[in-house]
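These are my notes from going through one model. I looked up contacts to the nucleic acid first, then rings, then empty space.

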There are 2 protein chains.
Amino acid sequence: MASIAEKREQSRQLLIETGLKLFSQKGFEATSIRAIAKEAGISLGLMYNYFPGKTDLLRAIFQEGQSDIEATFEQVQESMVGLPGIERHIRNIVSLLKEKREFWRLLHSLRMQSEIVTEMMGSIEQQVAYIQQMIGNNLKEVGYQNPAEEALLLFATLDGMASHYLLDPSYPIDDVASYLIQKYKKAQ
Amino acid sequence: MASIAEKREQSRQLLIETGLKLFSQKGFEATSIRAIAKEAGISLGLMYNYFPGKTDLLRAIFQEGQSDIEATFEQVQESMVGLPGIERHIRNIVSLLKEKREFWRLLHSLRMQSEIVTEMMGSIEQQVAYIQQMIGNNLKEVGYQNPAEEALLLFATLDGMASHYLLDPSYPIDDVASYLIQKYKKAQ
DNA sequence: ATTTTATGAACGAACGTTCAATCAATATAT
DNA sequence: ATATATTGATTGAACGTTCGTTCATAAAAT
């Protein structure tokens, strides 16, 4: 039995999902409120009962995606307790990419035009910086001579892999990840 | 003394430059023809004497940028004849990034929403694939065991470095590039 | 005099947003 | 239990704005 609040939350979720789908496909500016409403099977006007405006829907998508990623990060991290630090990080990032593909696509397509989203990007950049620092710490523990530069480089590699995977679903990200991990094991 | 054809070409160039500047800053959809006309100091209607429409301006920007990059690629390549293959490639790409920053920003911001630009991206992707193959060949010559996978990885790294540099002008791309080159020298 | 260059008002379409209206559901009164 | 009142959910036409594009008109050049 669905209460009113539950139905409301359900519709909210539907709009967030549909918005994410269309924004990540065609871009934020090129996607109209009307298109989202039609795709979600909700009337144009009703959208404004859930979100004050288009930007607020985007904001909600960002927040939802961010907490989703945070949760998945913890969860995947726990499932890889046995693995060494760097391998765990790499595998974790690959998992996140696969699981939240649309969200990452949206992120990557919006991060260049910061006019729209400086405020929204802020907390995500923070989170990314945190992960990068964790990687740096791991590299230092393992005994790298230039952990900071190595972390910068590894971060670039991971970001590049992500871009290529987001651009092309058939990109062999698992193979590349395995190869990368193997290189770090050898270097150690 | 400027001939008519020269003045025309000059105005065309101005519009291409201004378009590139604004598109790369605020995005294609979010930039209006009016904004470009005002910034370039050319009247709204006159733009249609140079380009049939907004999309055609973007197309011209792409073509211009592509041949620019091709020319710069050759030129920089020649200025680095003494360097070993991989180092030359890496330095070359860094040079291209610095010299054509706005164009790369536009490229990176548009490549996710392929609806607009599948046709325009095609030839550029081709060019990128060519560079990647050249890197692969170099790696094979140098004697890498998995040249294909290594090339895939190196390409991801370079792309990631590019993204980070495009997002943040203060990104120490020269340092990272030097560090990357150093790693390849050691591995050899 | 004729052609080319240049202008910005005007046009239709599409956008984000608002709002009067209808519909459904629940509460209240009889 | 039925009828009535009240509240909230839902709709899409309508509004004002901005967009890409066109066009009558004027200025400049030939």
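**DNA strand D**

I started with the share of backbone atoms: of the atoms of DNA strand D within 4 Å of the protein, 51% belong to sugar or phosphate and the rest to bases. The model is predicted, so I kept its limits in mind: local features need pLDDT of at least 70, side-chain atom pairs count only at pLDDT 80 or more, and totals for chains, interfaces and linings use all residues. Residues are numbered from 1 along each chain as its sequence is written, chains are lettered from A and ligands numbered from 1 in the order in which they are written, and side-chain values use heavy atoms, with hydrogens and water left out.

I listed the residues near the strand (a heavy atom within 4 Å of it). There are 15 around DNA strand D, and Ser43(A), Asn49(A), Ile33(B), Arg34(B) and Lys54(B) come nearest. By class I noted six nonpolar, six polar and three charged residues on this surface. The classes put Ala, Val, Leu, Ile, Met, Phe, Trp, Tyr, Cys and Pro under nonpolar, Asp, Glu, Lys and Arg under charged, and the others, Gly among them, under polar.

Helix H3 (47–50) of chain A and helix H2 (33–40) of chain B each supply at least two residues of the surface. Helices here are DSSP runs (H or I, at least four residues), numbered from the N terminus.

Next I looked up polar contacts (pairs of N or O atoms within 3.5 Å). Two of those to DNA strand D go to phosphate oxygens: a backbone N or O atom of Ile33(B) lies 2.9 Å from one, and a polar side-chain atom of Lys54(B) lies 2.8 Å from one. Arg34(B) goes to a base instead, with a side-chain N or O atom 2.8 Å from a base nitrogen of DNA strand D.

**DNA strand C**

I repeated the search on the other strand. Around DNA strand C there are 14 residues, of which Ile33(A), Arg34(A), Tyr48(A), Lys54(A) and Ser43(B) come nearest. Sugar or phosphate accounts for 49% of the strand's atoms within 4 Å of the protein, and bases for the rest. The surface near DNA strand C divides into six nonpolar, five polar and three charged residues.

For the contacts, I found a polar backbone atom of Ile33(A) 2.9 Å from a phosphate oxygen of DNA strand C. The side chain of Ser43(B) has an N or O atom 3.0 Å from a phosphate oxygen of this strand. Arg34(B) turned up here as well: a polar side-chain atom of Arg34(B) lies 3.4 Å from a base nitrogen of DNA strand C.

**Aromatic rings**

I counted ring pairs with centres within 6.5 Å, using Phe, Tyr and the six-membered ring of Trp; planes under 30 degrees apart are stacked, over 60 edge-to-face and the rest tilted. The count is eight aromatic pairs over all chains. I picked out Phe62(B) and Phe103(B): their ring centres are 6.1 Å apart and their planes are at 75 degrees, so I logged the pair as edge-to-face. Phe62(B) lies in helix H4 (residues 54–78) and Phe103(B) in helix H6 (residues 101–110) of chain B, so the pair ties together parts 41 residues apart in sequence. Both Phe62(B) and Phe103(B) are buried, meaning under 20% relative accessible area with a 1.4 Å probe on protein chains only. In chain A, Phe62(A), Phe103(A) and Trp104(A) form one aromatic cluster.

**Pocket**

I took a pocket as an open set of points on a 1 Å grid over the protein atoms alone, with protein on both sides within 12 Å along at least five of seven lines; lining residues have an atom within 4 Å of a point. The largest pocket has a volume of about 930 Å³, a volume being the space filled by probe spheres set on the points. Its lining has 34 residues, with Tyr144(A), Lys183(A), Ala187(A), Lys183(B) and Ala187(B) nearest the centre of the largest pocket. Helices H8 (147–167) and H9 (173–187) of chain A and of chain B are the elements giving two or more residues to this lining. I noted its classes as 16 nonpolar, twelve polar and six charged.

**Cavities**

A cavity is a set of points where a 1.4 Å probe fits but cannot get out. The structure holds three cavities of 30 Å³ or more. The largest cavity has a volume of about 160 Å³. Of the 20 residues that line the largest cavity, Phe28(A), Glu29(A), Gln113(A), Glu29(B) and Gln113(B) are closest to its centre.

Notes. A polar contact is a pair of N or O atoms within 3.5 Å; within protein, one must be able to donate a hydrogen and the other to accept it, and residues adjacent in sequence count only if both atoms are side-chain atoms. Buried means under 20% relative accessible area, exposed over 50%, partly exposed in between (1.4 Å probe, protein chains only).
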